Amino acid sequence: FIDIRADAGLEKLRPAARNVASGGDIGDLLGMVVDLIAQERAFVDATETQASAGLLTEQLLIVYIEALQPSIVARVAELQLTANNHRADEDGGTNSDESTSAILDLYQTLTRFYGNVSETLSMQGRLSVGGSMPDAESMLAQPIPRSLQLLFDPFVQYMRSGLTDQHVSAIREGSLGRLARAADPASSDDEEFAREAPGRILEVFLDVDRALSRVFEFVPASALYSAVARIAGLVTEVAQLVAGRLDAVAGRCGIPSSVLSDPQVLASPRLSSGAIYQPLASEEKLEAVSGIVGVSVASRLFDQCATALSASIVRRSQELLELLRLRYLPGEGIPSAAEDYTTAVRLGALMESCATAAEMHAVVDRLANTATDKAPGIEVIGDSLSMLGRRTSSAVVFALVAPFSAPLARIPGLGAWHSERESISSMNIQVPLFSFSPSEEAVDIGEKMHILLPELEQVEAMDQQEMRGAQLGAEELQSVFTYVAAWLPGADSHVLVDRQAPPMQDMLSLVLAVVLRSITRQICAIKPPLSLSGRGQLAADVDYIASVVSSFASPPCHEFDAVQRCLVRDNDPRSGAEAETEIDTEAEVDTEA
């Protein structure tokens, strides 16, 4: 009897199936199947053969879907082939994206079709595809209907991995490839990079966000986290491209690679003839700093986009988990339309490669209890933010502190630390042994501190110019000083900044802190013991530098403060309990510093 009914239905379907095989719209064919199933429902109503209704409709639906399947498989394979062989066009679009959209549209069309069939067979709640209408508990234990498996089998592997593969490949060959070309020093100079890179970075993040939107919607729950992590991994590739450009600029102007990889090295003075060690007034130094500031614009835009993407992933993960609880977990709120619930649960189980809906519950339950701070991709994005933020901030700060290297490097080897000063000068004048003037090195350091503020104003002007060139306004992107102050202290707890201060004052405090730490390190490198005159000279140098710093801001370095207090005690004319009391009250602070 089923064979007779099936032959009659297939006779009507074959012309439409041939049309679909030739590239026609599958919607008409699916509509015909729904009509045929509706006729079978009418037959069941007329003959009152309820006992055989589930077997009859499922077997007929299997026959009809077997007739559809070659066309569906061919269409999916053709679209996948087109996507895999895509080439980016001149406008930045890809054939891959169109093909991916077509596959997902077909999937949604078939989902609606199966839902329509289920609704047609509902019989006011007495029948469903695959058998009689079950209660929730018995439905979970039933095998996935063969008709559902046949219809969606071509999509299972695609949804689990193929969709993600296509998006990752398309982004790498499309927007990420264009960013790579813009970041290549052989293809663009610093000015071109600063102008083009921000737009390319935005393109990549827009593509990544679109890919994540599709992945969260279509990828099965058990494969979702790995899929999201793979797409989020593209963010790391963006960070590496920008960091590579920074490395090229740093290498060209003389910034040691160790400075970029470890912010602690900022306080290690060195002697070099690179452009970065010159005053900002020199043309070579201006060009070097301009290149660094240009990269910082790209870094800040990356920071902004990656932070927003992380928030988006967390939000989507939370929404997905809530949807999984409502849709699949028993007792969480089954929809009133039981046939829709049945279809959704069975299709979800099929996509999870589960034999029954009950098997899928273990998968969903595990995901539903996942902590929100474990959202996929968040850790890798955070690592990329930290890496690029610290490297860029270190380069900006080093560009400002590098000119201090020459006088700082000379401090440990000065002969004044170990010799006693003559009481008679070369002009036969009596020199008081308790009076000391700042050394040449201290004066040089002080003079360089005095020109820091004008240099910062110059860097700020460069930054605004680079942002205008990239068509970014101050309201769209934080300033370079705000960015540096946000990242560098996170790597170095000894650098103190005032979060309420204006960005330039914040930056000045940060740079002075690095210089003071460098001075402290060089003082600690002086070979002991110091002569009496050497201690006096060191105290004079430290007091002079402290007075210069205090004219800008409060000294922002605990270590330097500790050195200054030690020198005051060492030269303290008081003796006995009075001096010991002050030492005791400050001992804990000094020990920590």
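**Close-up 1. R252 pairs up with D190 in a salt bridge**. In this predicted model, the closest N and O atoms of R252 and D190 sit 2.3 Å apart. R252 belongs to helix 9 and D190 to helix 8, so this pair ties together parts that are 62 residues apart in sequence. How do the two partners fare for exposure, buried or partly exposed? R252 counts as partly exposed, at 49% relative accessibility. D190, on the other hand, is buried, with a relative accessible area of 18%, which puts D190 under the 20% cut-off for buried residues.

**Close-up 2. D190 also meets R245**. Stay with D190 for a moment: the side chain of R245 joins it in a salt bridge, at 3.2 Å from N to O. R245 lies in helix 9 and D190 in helix 8 (residues 190-218), so here the pair ties together parts 55 residues apart in sequence. Both R245 and D190 are buried.

**Close-up 3. R230 reaches D165 from helix 9**. Here the side chains of R230 and D165 meet in a salt bridge, with 2.4 Å from N to O. Which parts of the chain does this pair tie together? R230 is in helix 9 and D165 is in helix 6 (residues 146-173), so the pair links parts that are 65 residues apart in sequence. R230 is partly exposed, at 41% relative accessibility. D165 is partly exposed too, with a relative accessible area of 36%.

**Close-up 4. Four charged residues share a network**. R410, E441, D444 and K448 are linked together by salt bridges. For the wider picture, how many salt bridges does the structure hold? The count is 16.

**Close-up 5. The largest nonpolar core**. Now for the greasy side of things. In soluble globular proteins, nonpolar side chains tend to be buried together. The largest nonpolar core in this model has 166 residues. Which residues have the most contacts inside this core? They are F152, F155, I255, I276, M449 and I519. Helix 9 (residues 221-253) gives the most to this core, chipping in 17 residues.

**Close-up 6. I519 and the residues it touches**. I519 is one of the residues with the most contacts inside the largest nonpolar core. What does I519 touch, leaving out residues up to four places away in sequence? Its partners are L408, I445, M449, I545 and F560. M449 is another name to look out for, as M449 is also among the residues with the most contacts inside that core.

How values were computed: Residues numbered from 1 in each chain as written. Predicted model: local features only at pLDDT ≥ 70, side-chain atom pairs only at ≥ 80, totals over all residues. Heavy atoms only, no water. Core = buried A, V, L, I, M, F, W, Y, C linked by side-chain atoms within 4.5 Å. Buried < 20%, exposed > 50% of the residue type's maximum accessible area, 1.4 Å probe, protein only. Helix = DSSP H or I, 4+ residues; strand = E, 2+ residues; numbered from the N terminus. Contact = heavy atoms within 4.5 Å.
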